[in-house]
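User: Please take one part of this structure and look at it closely, explaining step by step what surrounds it. I am a first-year student, so a careful account in full sentences would help me most.

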Amino acid sequence: MFNAISDAIFVKNRQHRLILVNDAYCQLMGYSREELIGKTYDNFLPEIEADILRKNDELIFTQHINSEQEEKLTDAYGMTHWVVTKKCLFQDKANNKFLVGTIHNITKYKQISDELHASKQLLQAVMDGIPQGIFWKNRDSVYSGCNQKFAEVVGISSPSEIINKSDYELPWITEEADSFQRCVRLACAKDLQSLMYSHTAESEIVECQQPVDGRPLWLETNKIPLKDTEGNVVGILGTVQDITIRKQAEVALTEKASLAAFRVEINHAITQSYNLQTTLKCCTDAMVQHLNAAFARIWTLNELENVLELQASSGMYTHIDGAHGRVPVGMFKIGLIAQERQPHLTNEVLTDPRVGDKAWAKQQGMVAFAGYPLILDGNLIGVMAMFSRQALPESVLDALNLAANEVALGIKRIQTKQALQASESKYRNLVETSQDVIWSIDAQGYWTFVNPAVKNIYGYEPEEMIGRHYSEFAPSEKLHNDLDIFPRLLAGESLSQYETVVLAKDGSTLNLLCNAIAIKDENGSIIGITGTATNITEIKQAEAAMQRTNAVLKAQQEASIDSILVIDENRNIASYNQCFRQLWQIPGELMNTGCDRQILGWVLNQLENPEEFLAKVEYLYEHPEERSHNEIKLKSGKIFERYSAPVYSSAGDYYGRIWYFRDITERNQAEVALRDSEAQLRQQARQLKQALQELQHTQTQLIQSEKMSSLGQLVAGVAHEINNPVNFIYGNLNCINDYTQELLLLLQLYQKNYPSPVKEIEDFTDFIELEFLISDLPRMLKSVKHGAERIRDIVLSLRTFSRLDEAEMKAVNIHDGIDSTLMILQSRLKENHQHPKIQIIKEYGEFPLVECYAGQLNQVFMNILANAIDALEESSIKNTAQLAIDDEILNQPQIHIRTQLIESNQVKISITDNGLGIPEAFKQQIFDPFFTTKDIGKGTGLGLAISYQIITVKHGGSLECCSTPGEGSEFVITIPLNQHK
C-alpha cells in the first residue's frame, strides 16, 4: 500500500537521516532503497541543495510547524526536478521526533509555465514587429498596453511605460510634440467614448490630416470594443497606421492605369487591320480620353511635296480639312517640329513664342502643348500634337513620347511591310546583346546558331562553333550526362534549370545553368533544340569555397588550445570542441543532450562561487550585445579564464553566444614571478625612453633639412619647366584667335555671296554641324586661354611656395605663402566622391612684412592644411556611413584661416577645421616625432613634429593645438614680427 502511492514519501529522524522511503521516492532520486536508508541529504544531493533543505527541515523540527513549498531536487543523473513538498512533524510515545514528507513532481508544470511565459514574450515580439501602431485602453481611457511601434509614435522608449497612463500623461500632449504625433493622437482618440456604448467596431477608417507643414497625412485606424465573458465592454483595442505612402501610390497607380489604358488603346489601334485614318483616329481619341487633351491631331508626311497632311483630329476639333489640313515642313509650330525632328513641349502656352494665336489660347483656357515628330528608323513619318487645359506632368510626356514611337511604327506598318523587319531587328538586337548564351542545335546534335555571348563564356567566336557537334565541348567524364539529356529533349520534353559542365576554348571547365526546348516545324515534327545557358561557374566556386571554409573553421575549433562552446539564440548547444568536454570532465551522454542548462548545472558543481557565475551567465543572455572577460575559481584550486561574446550576422541578426575557457592556473603562477622582475625593467625602460627621445629629435632635424632642400629644388624645377611651354601657348593664343575670326569672316562672306552651295558642300555642312562649330570655336579658344592663365597662376604659386631663392631669413608677406599653399592643395579642396567641396574662409589682418624663413614657414602651412583636409575627408566618410550626426560637418566642411597682429610685435596665425576633432588622449602626443593616428602608409608622424621645431626653435614662437572631439581642431601659430639677430 505504501509503495503503491504515486507521490514520493519519506521519513527522517531527528539526525536528518532517512529511515523510510517508498518506491516513488527511489525512482525520483535515481537511487535504490539501500543507497538511501540511513543517509542524509549531504550524501546524495549537491551541497547547495542539501544545505537549503536541511535548514528548512530544521525549522520544522524546532518550531513544530507544517510546511508546503516548491523545492528543487537533483537526482543521481544530474537532472533537476521541481517538486512541491509537504512536511509535518510526528512524535511517538517515547517523544522521538520524525519528519514525514510527501513529494509531488511538478517539473512538467514548470516547463508549461516557462513555455507560457515565452509565448507571451513571442506575442509581444510579434506585435512589436507589426508595422501598425497597436494600443488597448480600459473604459477610463487609461492605457493597458501597446506595441513598440505605438510607443515610438507616442514618444516613449518601451511599451511598458504606457501602462496605467492617459493621453495627458504622455509626451505627445506636450508643446514639444511634433505635428505627426498630434495628428495620430487625435485620430486615435476620436469617437472612443461613443464606441464604448455602441459596442460596434470601426474598421479601416481612413482620414486625411493636415499637419503644420501643409503636406496631407493619411491615417488608417481600427477600433474594436474589448468585451468580457458576459459581453460587457471593458476597453478598446485600436490600431493606427500612416498610409500616406500607400495613398500616394494609389494616386500614382490611378495615373499609371490611365496611362496604361492609353498605351493599350494605342497598341490596339495600330495592331488592328484598320485603314490609316481609322487607326490614327483611334489614337487621337485615346489621347483625348486618357490624357485629358482638349484636342489632339496626327499628320503624316507627304515626302514628294514635303508637306504634312492631317489624318486624324479628336476633341474640340474633329475636322481634318481646315487650315491645318496641309502644313509645309518648316512652317508653323507643326512644320518646325517636323523640320527639327525634335519634340516641342511647353506648360506655358500663353508665353510660348511658337503659339501664334495667343488670344484664342487664352479664350479657350489652353495651358500646355506637346508635339512630337513621328520618326522610325531615322525617317520622318509625321507629327503628333495635342493641346491641354492643364499642365502635362512628366509621366504624360513620357507616355506621349512612347506613343509617338508606336504610332510611327503603326503608320509604317500600314504603309509598308517593313514593320516585320523592324520587329526582327529588335529581336536580333536582344539576342546579340544578351549576356547569356542563346543556342540552337539540329536533331543530330550539331550547332546551328549561337549568339555573340558565346565569345565571353566559351571563348569561341560564333563561327568557330557552328557546324560542330555539341559533344566536342563536353569533358569526357561528364559527356554521359549530356547524352542522357539530348534524347529527352528530342522526345519533346522541355527542361528548365538543369546544370551541365562544358570546356572553354582555353581548356578550363565551366558550369552552366541551362533551359532547353525542342524546335518543331510547321507539321509539328521536332527538327532541333534551342535554349539558353547562364555561366554559374563563379557561383559554384563560391559554394565550394564556403564548404571548405566551414571545414577549416571546424578544424580550427578542434585545433584551438581553448575549450569552446557555442550556444544558439534558443540556448541550445550549437557546437563545442573536445577540449571543452575534457576541461570540464563532462560525460559524453550529458553533452549529447544538447541542453545548455544541464551543462550549466554540471559546471556550477565545480565552481567555488556558483551564484556569481550563474548571475553573470543570466545577465549576458539578457543583454546579448554585451561581452565578458574574467577569471573563475574552481573548488579544486584551478583558475580558468572565461571569455564570452555575442554572435551576430553581417546584417545584425543575433545567432547566440560563444564561450571560451582556458586553464590559466600555471600562467597566474608565472605572472606572480614576472611581477617581481618588472621594477627592474621599468627603470631600464625610462632610460631607453629618454635616449629614444633624444634620437628622435636629432633624426627629425636631419629629415627636415633634407626634405626642405629636396622639396624646394623639385618645386622650383617643375615650375621652371612648366613655365616655358605655357608662355609659348599663351603667347600664340591671340594670333590663333585673330586667324580664327578672319576665317569665320571669310566663311560668312562665302555664305552671303553664294547662298546656294552645291549639294556636296551642303551635305558636308550638315555633317559637321557648321552652325554649332561657328558658335563653339570661340568658346573653346576662350577656355584654352583660361586654362593657360590657370597654369601660369599655379606656376607662380609653386615658385612662391618653394622660396628657393629665399633660404635665409628675410621679411616677407606671409599671406602670399598661405595663398600659394592653398593653390597647391586646390585639387584636394574640390568636391569628390569622399567629401563635398571644402570651403576656405580667410580673415587676413593688416600688418607689415614678417621676418622669417619663408620656405620653412610655407612647409608648416602645408603640413597643417593637409592635416585639416585629411580630417575633413575622414569626417565626411564616417558621418556618411553613420547617417551624419552633424549636418553642418557633413554638408559643408570648412577651413577658417585668421591672421592678426597681437601685442604690437607678435603675429598670430589660426587655422581651424570643423572635422571630427582630436581625442583628448592624443593631444599630448601630436607634436611627438613619428606619432600618427593615420593608417599605415598614410602618414609618417613627422609633419607636426617638424612644424613644431620650425616654429619654436627656428622662429622663437609657439605652435598650439586646441580641439574638441566632434567639433573640429584649431592650430595657432605665434611668431615674432621681427627676429632678434
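Analyst: **Helix α12 and its surroundings**

Helices α9 and α12 are roughly antiparallel to each other, because their packing angle of about 170° lies over the 145 degrees that this description requires. This is a predicted model, and in it α9 covers residues 276-291 while α12 covers residues 394-415, with the two axes 10 Å apart. On the α9 side, the contact is made by Leu 276, Thr 279, Leu 280, Cys 283, Met 287 and Leu 291, and on the α12 side by Val 396, Leu 400, Val 407, Ile 411, Ile 414 and Gln 415. Sorted by class, these residues comprise 10 nonpolar and 2 polar ones, with no charged residue in the contact.

A second helix, α8 (residues 244-271), also packs against α12: their axes come within 9 Å and cross at roughly 5°. The pair α8 and α12 is therefore roughly parallel, whereas α9 and α12 are roughly antiparallel. From α8, the residues in this contact are Glu 255, Leu 259, Phe 262, Arg 263, Ile 266, Asn 267, Ile 270 and Thr 271. They meet Ser 395, Val 396, Ala 399, Leu 400, Leu 402, Ala 403, Glu 406, Val 407, Gly 410 and Arg 413 in α12. The contact of α8 with α12 divides into 10 nonpolar, 4 polar and 4 charged residues. Val 396, Leu 400 and Val 407 of α12 are listed in the contact with α9 and also in the contact with α8.

The surroundings of α12 also include a sheet. This open sheet has 6 strands in the order β13-β12-β11-β16-β15-β14, and its pairing is antiparallel. At its edges lie β13 (326-328) and β14 (344-346), each of which pairs on one side only, and neighbouring strands are turned by 25° against each other on average when direction is ignored. At the β14 edge, β14 pairs with strand β15 (residues 368-376) in the antiparallel sense over 3 bridges, and His 344 has Gly 371 in β15 as its bridge partner. Helix α12 packs on this sheet and touches β11 (293-302), β14, β15 and β16 (379-388); the direction of the helix makes about 40° with that of β15.

**A second sheet with helices, for comparison**

It may help to look next at another sheet in the chain. In general, strands of a sheet pair through backbone hydrogen bonds, either parallel or antiparallel. Here 5 strands form an open sheet in the order β2-β1-β5-β4-β3, with antiparallel pairing. Its edge strands are β2 (18-21) and β3 (67-74), and each pairs on one side only. The neighbouring strands of this sheet are turned by 30° against each other on average, again ignoring direction.

Strand β1 (residues 8-12) pairs with β2 over 3 bridges, and Val 11 stands opposite Leu 20 in β2. Two helices pack on this sheet. Helix α3 (residues 47-63) touches β1, β3, β4 (80-91) and β5 (97-105), and its direction makes about 160° with that of β3. Helix α4 (residues 107-129) touches β3, β4 and β5, and its direction makes about 135° with that of β4.

Within the sheet, 8 bridges join β3 to β4, and Glu 71 stands opposite Val 83 in β4. The hairpin of these strands has 5 residues between them, and there Gly 78 takes a positive phi near 85°. Strands β4 and β5 are paired over 9 bridges, with Leu 89 opposite Leu 99 in β5. Their hairpin, which also has 5 residues between the strands, includes Asn 95 with a positive phi near 65°.

**The chain as a whole**

These parts belong to a chain that contains 30 helices and 33 strands. Of its 981 residues, 37% count as buried, and the chain exposes about 56,800 Å², of which carbon and sulfur atoms supply 53%. Among contacts between residues at least 6 apart in sequence, 50% join residues at least 24 apart. Returning to α12, this helix meets α9 through one set of residues, meets α8 through another list, and packs on a sheet by touching β11, β14, β15 and β16.

Definitions and conventions:
Residues numbered from 1 in each chain as written. Predicted model: local features only at pLDDT ≥ 70, side-chain atom pairs only at ≥ 80, totals over all residues. Heavy atoms only, no water. Pairing = 2+ DSSP bridges. Helix = DSSP H or I, 4+ residues; strand = E, 2+ residues; numbered from the N terminus. Axes fitted to C-alpha atoms, helices over the stretch in contact; angles between N-to-C directions. Contact = heavy atoms within 4.5 Å. Parallel < 35°, antiparallel > 145°, perpendicular 65-115°, else oblique. Nonpolar A, V, L, I, M, F, W, Y, C, P; charged D, E, K, R; others polar. Buried < 20%, exposed > 50% of the residue type's maximum accessible area, 1.4 Å probe, protein only. Areas by Shrake-Rupley, 256 points an atom, 1.4 Å probe, with all protein chains shown as cover.
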